Amino acid sequence: MIHKPYSSKKRHLADESQTALFAQSLAKLSGELEAAPPGLVVYLQGELGAGKTSFSRAFIQSFLPEQRVKSPTYTLVESYSTPNLTIYHFDLYRLCEPEELEYIGLRDLLVAPFIALVEWPSKGQGVLPEADLVLNLNRLGEGREVIAQACSERGEALLAKLDA
């Protein structure tokens with residue numbers, strides 16, 4: 001059986017407030033998806049300063065509005081418990097070897113229901129679970145361009161709802 005390739009969407013975000021609105025929209029839709037195993041995995045790619053942490057902060061604060069969201073650059077992962085799921089924010093920039101994720105108990109952490117936001121996913125290649133959605137953030141003048149690529153049925157469902 002031949003599977004059709006998953007879709008991708010490109011969107012221009014004029015400034016940080018539009019990046020936050022995009023993250024909030026995606027968070028709302030993610031929360032509506034059934035949080036069935038293995039959870040939802042979102043890879044965030046882009047250069048330093050492309051807006052990955054800003055996106056993650058707005059996404060997490062959509063679930064927990066009063067939550068202070070710090071970058072997990074030195075801790076590698078921060079977790080945020082909501083009434084329905086746990087959100088994990090990974091920043092793998094300082095990761096030396098993918099196997100280091102085993103030492104922090106990655107497999108024990110990612111138990112459904114969860115959403116994992118992963119910055120610098122290439123540093124965890126081979127150990128990280130596959131992404132449902134990959135967001136490539138690129139600076140574009142004062143704003144950003146985001147290219148969202150679905151990588152699973154769940155990612156495809158998210159992109160379809162994002163346009164609705």
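Asp 163 is in contact with Lys 9 and Arg 11, leaving aside its neighbours within four places in sequence. The model is predicted. Asp 163 sits in helix 5, which covers residues 153–163. Is Asp 163 buried, partly exposed or exposed? Its relative accessibility is 45%, so Asp 163 counts as partly exposed; buried would need a value under 20%, and exposed one over 50%. Thr 19 is 144 residues away from Asp 163 in sequence. In space, their C-alpha atoms are 16 Å apart.

**Two helices**

Thr 19 belongs to the buried set of helix 1. That set also holds Phe 22, Ala 23, Leu 26, Ala 27, Leu 29 and Ser 30. An α-helix has 3.6 residues a turn, so residues three or four places apart point the same way.

Helix 2 has its own buried set: Lys 52, Phe 55, Ser 56, Ala 58, Phe 59 and Ile 60. What do the buried residues of helix 2 pack against? Their partners are helix 1 and five strands: strand 2 (40–45), strand 3 (77–81), strand 4 (86–91), strand 5 (114–119) and strand 6 (133–140).

The lengths of both helices can be checked against a rise of 1.5 Å a residue.

| Helix | Residues | Expected span | Span between end C-alpha atoms |
|---|---|---|---|
| Helix 1 | 16–32 (17 residues) | 24 Å | 25 Å |
| Helix 2 | 52–63 (twelve residues) | 16 Å | 17 Å |

For helix 1 the two values agree. For helix 2 the span is close to the expected one.

**The whole chain**

The chain has five helices and seven strands. From the N terminus, their order is β-α-β-α-β-β-α-α-β-β-β-α.

How does the radius of gyration compare with that of a compact globule? A compact globule of 164 residues would come near 15 Å; the chain has 15 Å, so the two agree. The C-alpha trace spans about 45 × 40 × 30 Å along its principal axes.

Of the 164 residues, 47% count as buried. Contacts also reach across the sequence. Among those between residues at least 6 apart, 67% join residues at least 24 apart.

**Surface and charge**

The accessible surface comes to about 8,900 Å². Carbon and sulfur atoms account for 51% of that surface. The chain carries 16 positive and 21 negative side chains. The centres of these two sets lie 4 Å apart.

How values were computed: Residues are numbered from 1 along each chain as its sequence is written. This is a predicted model: local features need pLDDT of at least 70, side-chain atom pairs count only at pLDDT 80 or more; totals for chains, interfaces and linings use all residues. Side-chain values use heavy atoms; hydrogens and water are left out. Helices (H or I, at least four residues) and strands (E, at least two) are DSSP runs, numbered from the N terminus. The radius of gyration is taken over C-alpha atoms; the globule rule is 2.2 Å times the number of residues to the power 0.38. Buried means under 20% relative accessible area, exposed over 50%, partly exposed in between (1.4 Å probe, protein chains only). Contact means heavy atoms within 4.5 Å. Accessible areas come from the Shrake-Rupley method with a 1.4 Å probe; for residues, only the protein chains shown count as cover. Lys and Arg count as positive and Asp and Glu as negative; His and the chain ends are not counted. The place of a charge is taken as NZ of Lys, CZ of Arg, CG of Asp or CD of Glu. The expected span of a helix is 1.5 Å times one less than its number of residues.
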